[in-house]
Amino acid sequence: MHRLLLLALVLFVPLSQAQPPSIIIDTDAGSDDILAIAFLLSHPSVHVDAITIANGLAHVDAGARNLTRLVELSGRTNLPVFAGRPTPLKGSAEFPREWRKTSDDLPGVALPPSSRPPARETAADYLIEYLKDQKHRVRILALGPLTNLAEALEREPSVAGSIQEIVIMGGAIQVPGNLGDGGLFQTNNKTAEWNIFVDPYAARIVFHSRIPILLVPLDATNKVPIDLAFLRDFQAHAMSPLGRMAAQVLETDRESIVGHYFYAWDPLAAVALLHPEVVKSSRLHIDILQDAPEEGRTVQTPDSPNAEVAMDADAARFRKIFLQAFSDR
């Protein structure tokens, strides 16, 4: 009798409990994106369905090529990569050209040639087709401008029902924005963060979608600086193939690390996806300002909450979890 009862319980476990949701990574293929994605690909138990490339730090075609090479290094050669649209949904904002060229070329980073080219299908087409047909919901890690997700939602609003959660790295709530970091971009906008600034219209669509959101803004990432001590520790202990590549990525950012303006932006979001305890969040309503001089600002309003917003982070726990992923494999 007990065995029959146990069998019945097993058979009637909801699919969402029996099988963890799959993950789609939406990325603009910058250096911190590559660190974040390498962290996830270092976990054999983490199932990534696809990688979609947003227009941001890298140009979409270059970013797609680089990510297929990263996938090759990880051994997940069946993981598809889809390039998104090359411009924002509205406007013409973009990252500084110098940063974009570095993200396109990845100087100093050794990645193998890919055995598969990026998919011909566009990112938004893939998202619509895939999410309309889901038998279980997915989680999305969004590491760049939200153009691909917004385009899919705008064209086919029903796909929102297939998304269990979006973890977004972006925005600044109670801290200044980062458009002036490095001194390459001159602007009067002191409140926006780059990922949201590049396509604020897309960000507004996503935040108005009613999809559960965990936002990891600068408020949290500012608590996790990447310093020289971390760089040295990582280089000494990250011995897996993905770890050695990630150490090269960090080395290429040495100037920013020495200058004290390199933080665990996307890596913190990736760690929070698997270990939400690494951040401390509050339920807030976030809207996205559209007009200068504060276009792209993520502003807290008194309306009903539409996001969990990470306002703090445990830097020591992050460093331990992040380094461990590359040390054991």
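**Exercise 1. Describe the salt bridge between Asp-125 and Arg-155, and place both residues in the chain.**

*Solution.* In this predicted model, Asp-125 and Arg-155 form a salt bridge in which the closest N and O atoms are 2.7 Å apart. The next step is to locate the partners: Asp-125 belongs to helix H6 (residues 123-132) and Arg-155 to helix H7 (residues 147-155), so that the pair links distant parts of the chain, 30 residues apart. Turning to accessibility, Asp-125 has a relative accessible area of 29% and is partly exposed, and Arg-155, at 46%, also counts as partly exposed. Finally, the pair belongs to a network of salt bridges that links Asp-125, Glu-151 and Arg-155.

**Exercise 2. Find out which parts of the chain are tied together by the salt bridge of Asp-287 and Arg-204, and decide whether Asp-287 is buried or exposed.**

*Solution.* The side chains of these two residues, Asp-287 and Arg-204, meet in a salt bridge with an N to O distance of 3.4 Å. Because Asp-287 lies in strand S7 (residues 279-288) and Arg-204 in helix H9 (residues 200-207), the pair ties together parts that are 83 residues apart in sequence. For the second part, the cut-off is needed: a residue is buried under 20% relative accessible area. Asp-287 has 18% relative accessibility and therefore counts as buried, whereas Arg-204, with a relative accessible area of 28%, is partly exposed.

**Exercise 3. Carry out the same kind of analysis for Asp-312 and Lys-223.**

*Solution.* A salt bridge joins the side chains of Asp-312 and Lys-223, at 3.2 Å from N to O. Asp-312 lies in strand S9 (residues 307-313), while Lys-223 lies in the loop between helix H10 (218-221) and helix H11 (228-237), so the pair ties together parts that are 89 residues apart in sequence. Asp-312 counts as partly exposed at 27% relative accessibility, and Lys-223 counts as partly exposed at 39%. For the structure as a whole, a search finds 10 salt bridges.

**Exercise 4. Which residues have the most contacts inside the largest nonpolar core, and which helix gives the most to this core?**

*Solution.* The largest nonpolar core has 70 residues, and those with the most contacts inside it are Ile-51, Phe-234, Leu-268 and Phe-326. Helix H3 (residues 31-41) gives the most to this core, contributing 8 residues. To see one of these surroundings in detail, take Phe-326: leaving aside residues up to four places away in sequence, Phe-326 touches, among others, Leu-35, Phe-39, Phe-234, Met-239 and Leu-242. Apart from this core lies another, of 38 residues, including Ala-123, Tyr-126, Leu-146 and Ile-168.

Terms used: Residues are numbered from 1 along each chain as its sequence is written. This is a predicted model: local features need pLDDT of at least 70, side-chain atom pairs count only at pLDDT 80 or more; totals for chains, interfaces and linings use all residues. Side-chain values use heavy atoms; hydrogens and water are left out. A salt bridge is a side-chain nitrogen of Lys or Arg within 4 Å of a carboxyl oxygen of Asp or Glu. Helices (H or I, at least four residues) and strands (E, at least two) are DSSP runs, numbered from the N terminus. Buried means under 20% relative accessible area, exposed over 50%, partly exposed in between (1.4 Å probe, protein chains only). A nonpolar core is a set of buried Ala, Val, Leu, Ile, Met, Phe, Trp, Tyr and Cys residues joined through side-chain atoms within 4.5 Å. Contact means heavy atoms within 4.5 Å.
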